[in-house]
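Let's take a friendly walk through this model, from the overall build down to single side chains. Keep the structure open as you read.

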Amino acid sequence: MELKRIAPIMALAALTMLLASSCEKTINEGIYGTVKELYGDWMPGVGCNPPDHGERPIVCEIYAYEYSPSSDYLQAPLVGTATSNKKGFYEIALAPGTYSVFVLDPTNGKLVNANYGNTVTVEEGKAVELNIMLNHAVY
């Protein structure tokens, strides 16, 4: 991907991070929410201390691509990106339309579909809440 194409998007992401230091949305159209991870040992145990497990917010990159009906979503144009803050909050201002959303998993560097293969549709004048859970737990 060309640097000229990514630079404005990354500048917008940096500005978004400055504005989104809390968990309050500031956009009128687009997507917003929190990114969390499930971690630890969730296996049931008898007669032992409860295992260390839970969910926590994480900092990661979120990417919104224009929806493409092809099987290779990443060939579609990248239209927005954000970095979640330490509370896991993110927001991406998007025009009305349908999008595929992905998360760059910070534990392994892989892109993960943020909505289990489903698209996200933004309607005029509305912001859609899309909470994302990365599952790093052991069962």
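## Strand 1, its partners and their contacts

Arginine 56 is partly exposed, with a relative accessible area of 36%; here buried means under 20% relative accessible area, exposed over 50%, and partly exposed in between, using a 1.4 Å probe and protein chains only. This is a predicted model, in which local features need pLDDT of at least 70 and side-chain atom pairs count only at pLDDT 80 or more, while totals for chains, interfaces and linings use all residues. Residues are numbered from 1 along each chain as its sequence is written, and side-chain values use heavy atoms, with hydrogens and water left out.

**The overall build.** The chain holds 1 helix and 10 strands, where helices (H or I, at least four residues) and strands (E, at least two) are DSSP runs numbered from the N terminus. Read from the N terminus, the order of elements is α-β-β-β-β-β-β-β-β-β-β. Of the 139 residues in the chain, 37% are buried. Among contacts (heavy atoms within 4.5 Å) between residues at least 6 apart in sequence, 64% join residues at least 24 apart.

**Strand 1 and its neighbours.** Strand 1 (residues 30-40) pairs with strand 5 in the antiparallel sense over 5 bridges; two strands pair if DSSP finds at least two bridges between them. One bridge joins threonine 34 to phenylalanine 89 in strand 5. Strand 5 covers residues 89-93, and 4 of its 5 residues are buried, so this strand is largely enclosed by the rest of the structure.

Strand 1 also pairs with strand 10, this time in the parallel sense, over 4 bridges. Here lysine 36 has methionine 133 as its bridge partner. In a regular strand the side chains alternate between the two faces of the sheet. Strand 10 (residues 132-135) shows this alternation: Ile132 and Leu134 point to one face and are buried, whereas Met133 and Asn135 point to the other and are not.

**Charged pairs.** Side chains of opposite charge can pair when their charged atoms come close. With a salt bridge taken as a side-chain nitrogen of Lys or Arg within 4 Å of a carboxyl oxygen of Asp or Glu, the count comes to 3.

| Salt bridge | N to O distance |
|---|---|
| Glutamate 55 and lysine 36 | 3.5 Å |
| Arginine 56 and glutamate 37 | 2.7 Å |
| Glutamate 123 and lysine 126 | 3.5 Å |

Arginine 56 and glutamate 37 form a salt bridge, and this pair links distant parts of the chain, with arginine 56 in strand 2 and glutamate 37 in strand 1, 19 residues apart. Glutamate 37 is buried, at a relative accessible area of 8%. Glutamate 55 and lysine 36 also meet in a salt bridge; glutamate 55 lies in strand 2 (residues 53-57) and lysine 36 in strand 1, so the pair ties together parts that are 19 residues apart in sequence. Glutamate 55 is partly exposed at 44%, and lysine 36 is partly exposed at 28%. In the remaining row of the table, glutamate 123 is partly exposed at 45% relative accessibility, and lysine 126 is partly exposed at 46%.

**Aromatic rings.** Which charged residue lies over the face of tyrosine 39? Arginine 56 does, at 3.7 Å from the ring centre. A charge sits over a ring if NZ of Lys or CZ of Arg is within 6 Å of the ring centre and within 35 degrees of the ring normal. The charged end of lysine 25 likewise sits over the ring of tyrosine 32, 5.8 Å from its centre.

The whole structure contains 1 aromatic pair. The ring centres of tyrosine 65 and phenylalanine 102 are 5.8 Å apart and their planes stand at 85°, so the pair is edge-to-face. For this, rings of Phe, Tyr and Trp (its six-membered ring) pair if their centres lie within 6.5 Å, with planes under 30 degrees apart counted as stacked, over 60 as edge-to-face and the rest as tilted. Tyrosine 65 and phenylalanine 102 are both buried.

**Two more residues to find.** Histidine 53 lies in strand 2 and is partly exposed at 31% relative accessibility. Leaving out residues up to four places away in sequence, histidine 53 touches Tyr39, Gly40, Asp41 and Trp42. Asparagine 85 is in the loop between strand 4 (78-83) and strand 5, and counts as buried at 4% relative accessibility.
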